[in-house]
Amino acid sequence: MPFPRTRMRRNRRHDWSRRLTREHTLTADDLIWPFFVHELDGTEAIPSMPGVERLGLGPMVDAVGEAAELGIPAVAIFPVVPAEKKTDGAEESFDPDNLVCRAVRKLKEAVPGIGIVCDVALDPFTSHGQDGLVRDGYVVNDESVAVLIQQAVNQADAGCDVIAPSDMMDGRIGAIRDGLDEAGHHEVSILSYAAKYASAFYGPFRDAVGSAGNLGKGDKRTYQMDPANGDEALREVALDIEEGADMVMVKPGMPYLDIVRAVKERFGVPTYAYQVSGEYAMLKGAAERGWLDWSKVLPESLTCFKRAGADGILTYGAVEVAKALRAG
Ligand code: PBG
């Protein structure tokens, strides 16, 4: 029934009618907070991610405690590995006393109720900044997977709840599942970065963990997906589910919401999206110049993820937005 019988604005007229007809609601339950830990005691600013800091283990406990108190279900840890511990073979990634494991053990003791997600990929630990092992200039698949299994089991041994492979090697989900099960970790979940694109939006993250210099002019296009591809994302997700992923992720987030929608519709599995460092920097940078209202664009952007079908969002703004939601 066209205008004037139908007036779309009727439902929008009042606050109560807008609330009553609202289709999606953002809550703290939708959030995963990614954060950076370093070996130093205090905190350190990250210039390309204003408002985000590298945290020592002490400040980390306080910050994650606050996240738990705000109702955020899970956090994701990313380590800043000192240059002298980076090697071609990423041996530090499976050292039981590495920074990630120490952080996990500390959090399990201090903030037992929050879920801990650990990334699986070698880039924080490699001298070349690639997510896998490099042979003759090429990131090799199967040999890399063997190391990723060791990394995953190491993190599970430390008490990590969710293993999140972000490396995009073929076959790693099944191999890591087998490795975890053989080590007695059948209760540890896998959140697969199933459709992860070779994106320039990861720039600030690579500054934050200090892998940008290692990677240099290199890129990750031989394993991360081409931003031009959509059908291929569905094949990637299908394979990861078949191999045993409990949850899947699309990354980056905002420029890839069509993929989030397609994945959720096709597979109906728990689907997450990562609002990555460059998306954060883009919004925050504009807000710092007074061009955008941060307190509005952040929740709006996250609500859009929900509308697209995401069950949850990894965002550097998780704590801030959870605080705002609580304040109402
Ligand atoms: C590691 C990893 C990256 C991100 C998460 N895990 C970087 C990359 O693949 O180069 C990016 C996260 C962000 O930009 O916020 N493989």
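Student: Which side chain has an N or O atom 2.6 Å from an oxygen atom of the ligand?

Tutor: Happy to start there, keeping in mind that this is a predicted model. A polar contact needs a pair of N or O atoms within 3.5 Å. A ligand oxygen at 2.6 Å from a side-chain N or O atom fits that cut-off, and the residue is K196.

Student: How much of the ligand's accessible area does the protein cover?

Tutor: On its own, the ligand has 400 Å² of accessible area. It sits in the largest cavity. The share of that area covered by the protein is 100%.

Student: Which side chain has a polar atom 3.0 Å from a nitrogen atom of the ligand?

Tutor: Two side chains are worth a look here. That of D123 has an N or O atom 3.3 Å from a ligand nitrogen. The 3.0 Å distance to a ligand nitrogen belongs to S166.

Student: How many residues of the shell around the ligand are charged?

Tutor: The ligand is surrounded by 18 residues, with K196, K220, K251, S277 and Y316 the closest. Eight of the shell residues are nonpolar and three are polar. The charged ones number seven.

Student: Which cysteine sulfur is nearest to that of C118?

Tutor: Good one to check, as the structure holds zero disulfides. C101, for instance, has its nearest cysteine sulfur, in C118, 7.3 Å away. For C118 the nearest sulfur is 3.6 Å away, while a disulfide needs a pair within 2.5 Å. That neighbour is C160.

Student: Is C101 buried or exposed?

Tutor: Buried means under 20% relative accessible area. C118, at 1%, counts as buried. C101 has 0% relative accessibility, so C101 counts as buried.

Key:
Residues are numbered from 1 along each chain as its sequence is written. This is a predicted model: local features need pLDDT of at least 70, side-chain atom pairs count only at pLDDT 80 or more; totals for chains, interfaces and linings use all residues. Side-chain values use heavy atoms; hydrogens and water are left out. A residue is near a molecule or strand if one of its heavy atoms lies within 4 Å of it. A polar contact is a pair of N or O atoms within 3.5 Å; within protein, one must be able to donate a hydrogen and the other to accept it, and residues adjacent in sequence count only if both atoms are side-chain atoms. Accessible areas come from the Shrake-Rupley method with a 1.4 Å probe; for residues, only the protein chains shown count as cover. On a 1 Å grid over the protein atoms alone, a cavity is a set of points where a 1.4 Å probe fits but cannot get out, and a pocket is an open set with protein on both sides within 12 Å along at least five of seven lines; lining residues have an atom within 4 Å of a point. A molecule sits in a cavity or pocket if more than half of its atoms lie within 2 Å of its grid points. Ala, Val, Leu, Ile, Met, Phe, Trp, Tyr, Cys and Pro count as nonpolar, Asp, Glu, Lys and Arg as charged, and the others, Gly among them, as polar. Buried means under 20% relative accessible area, exposed over 50%, partly exposed in between (1.4 Å probe, protein chains only).
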